[in-house]
Amino acid sequence: MHINRSLFDEVMVPNYAPSPIIPVKGLGSRLWDQQGREFIDFAGGIAVNCLGHCHPALVSALTEQAQKLWHLSNTMTNEPALMLAKQLVDNTFAEKVYFANSGAEANEAALKLVRRVALNKFGADKSQIIAFKQGFHGRTLFTVSVGGQPAYSDGFGPKPADIDHAEYNNLESVKALISDRTCAVVLEPLQGEGGIINPTPEFIKGVRELCDQHNALLVFDEVQTGVGRTGELYAYMGLGVTPDVLTTAKALGGGFPIGAMLTTTELAKHLVVGTHGSTYGGNPLACAVGLAAFNTVNTPEVLDGVKAREQLFRDGLTAINDKYQVFTEVRGKGLLLGAALNADYAGKARDFMLAAAEEGVLLLMAGQNVVRFAPSLIIPEADVREGLARFDAAIAKLVARLNAG
């Protein structure tokens, strides 16, 4: 059977518009397509492939577990799930873990937990959830409603009620919404899809204080920022603020689907038997790979290396911008970076992404005005330099084309 891009249009639901590039092999930070063309991967499967492609520790964990046990329902437990949960508990604020298959499912669990805690402790009136404009928390009806991008949530009928959206980095807008009716404030400790927006220290600490004043829980969605992405194991560790609930996915499995919700014993006790569940949550294959990924990332060498690579990207992007004057700033932290386009190139992030792919480097967008980078945390420095050189070549051609047009 010949697989090509037109087959996608024939057999797949048209909710994606994938590139014509069809990768068939990956190794480290490089990918090869059906024609044997090589690409440097600065996208990382949208911050998922934290150790690149086919990392030996992950391949070994998967193949070893595949010889033992693939699936058990949660009427039993399994060794890999408990081993990964123990590592998550030992290395974070959390005392209890719930496993799911994705970031959206981890967030769904967190949202159900905060509503249940409020109901049990304070009664039915305490149900308001405050989230943020341009936030992103997943695609289930509940998580997409909490996400602050109406384009993603409109058009599917009535939305879950009692969700309000404040402005990120605007503490006054949170104060205007929060009250003793608020059960939780949900935020990304660095907005991803919303444009790679760092929180200010005053904002993040102020939100924590407001939650404490109103007996509201603070939920950090670390689906994109977690597992080393910012140079900390979890982004909260670099912010001086500890959430009550944290969600993690994407990089947690290094490419294998897994998500988790982390919280305290005091809060976890409200999810009694039967209140929530997942058929595949805690799957032995996923947890075995997740354990290998977590243990590989959670070392000083890898986490410090993220910060060194961040500087390499920043220096390279500054040099590119000195030549072409296309960016206003480079935002983000660690290896979740966004180059914001200036007014001359507003709305053209997709053009930059496509031009880069033509030159053999894979990038992402974060909205129409930001080019996003989320490569492997251990991408070789030579690959960073080569990828940026290809990006430079792409911008040269794109700028010439746009100026000519």
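**Exercise 1. A residue in a helix**

D392 lies in helix α14; helices (H or I, at least four residues) and strands (E, at least two) are DSSP runs, numbered from the N terminus. Work out whether D392 is buried or exposed, and which residues D392 is in contact with beyond its neighbours within four places in sequence.

Before you start, note that this is a predicted model, in which local features need pLDDT of at least 70 and side-chain atom pairs count only at pLDDT 80 or more, while totals for chains, interfaces and linings use all residues. Residues are numbered from 1 along each chain as its sequence is written, and side-chain values use heavy atoms, with hydrogens and water left out.

*Solution.*
- Step 1: Buried means under 20% relative accessible area, exposed over 50%, and partly exposed in between (1.4 Å probe, protein chains only).
- Step 2: D392 has 15% relative accessibility, so D392 counts as buried.
- Step 3: Contact means heavy atoms within 4.5 Å. Once neighbours within four places in sequence are set aside, D392 is in contact with I320, K323 and Y324.

**Exercise 2. Two helices side by side**

Now widen the view from D392 to its helix. Describe how the axes of α12 (residues 300–324) and α14 (residues 381–404) cross, and which residues meet there.

*Solution.*
- Step 1: Axes are lines fitted to C-alpha atoms, for helices over the stretch in contact, and angles run from 0 to 180 degrees between N-to-C directions. The axes of α12 and α14 come within 10 Å and cross at roughly 20°.
- Step 2: Angles under 35 degrees count as roughly parallel, over 145 as roughly antiparallel, 65 to 115 as roughly perpendicular and the rest as oblique. α12 and α14 are therefore roughly parallel to each other.
- Step 3: The crossing of α12 past α14 is right-handed; that is the name when the near helix is turned clockwise from the far one by less than a right angle, and left-handed is the name when anticlockwise.
- Step 4: From α12, the residues L312, F313, G316, L317, I320, K323 and Y324 take part, and they meet E381, V384, R385, L388, F391, D392, I395, A396 and V399 in α14.
- Step 5: By class, the residues of this contact are 11 nonpolar, one polar and four charged. Here Ala, Val, Leu, Ile, Met, Phe, Trp, Tyr, Cys and Pro count as nonpolar, Asp, Glu, Lys and Arg as charged, and the others, Gly among them, as polar.

**Exercise 3. The sheet of four strands**

Find which strands stand at the edges of the sheet that contains β11 and β14, and then place L364.

*Solution.*
- Step 1: Two strands pair if DSSP finds at least two bridges between them. The open sheet of four strands has the order β11-β12-β15-β14, and its pairing is antiparallel.
- Step 2: β11 (327–333) and β14 (364–365) each have a single partner strand and stand at the edges, so one side of each is left without a neighbour in the sheet.
- Step 3: β12 (residues 336–341) and β15 (residues 370–373) pair over four bridges in the antiparallel sense, and G338 stands opposite R372 in β15.
- Step 4: L364 lies in β14, and at 11% relative accessibility L364 counts as buried. Not counting residues up to four places away in sequence, L364 touches A43, I46, M353, V370, V371, R372 and A374.

**Exercise 4. The sheet of seven strands**

Explain why β10 (residues 259–263) is largely enclosed by the rest of the structure, and trace how β10 fits into its sheet.

*Solution.*
- Step 1: Five of the five residues of β10 are buried, so this strand is largely enclosed by the rest of the structure. G259, M261 and T263 point one way, A260 and L262 the other way.
- Step 2: The open sheet runs β4-β10-β9-β8-β7-β5-β6, seven strands with mixed pairing. β4 and β6 (163–166) stand at the edges with a single partner strand each, so one side of each is left without a neighbour in the sheet.
- Step 3: On one flank, five bridges join β4 (residues 96–100) to β10 in an antiparallel run, with Y98 opposite M261.
- Step 4: β9 (residues 245–248) and β10 also pair in the antiparallel sense, over four bridges; the bridge partner of T248 in β10 is A260.
- Step 5: β8 (residues 217–221) and β9 run parallel, joined by three bridges, and V219 stands opposite V245.
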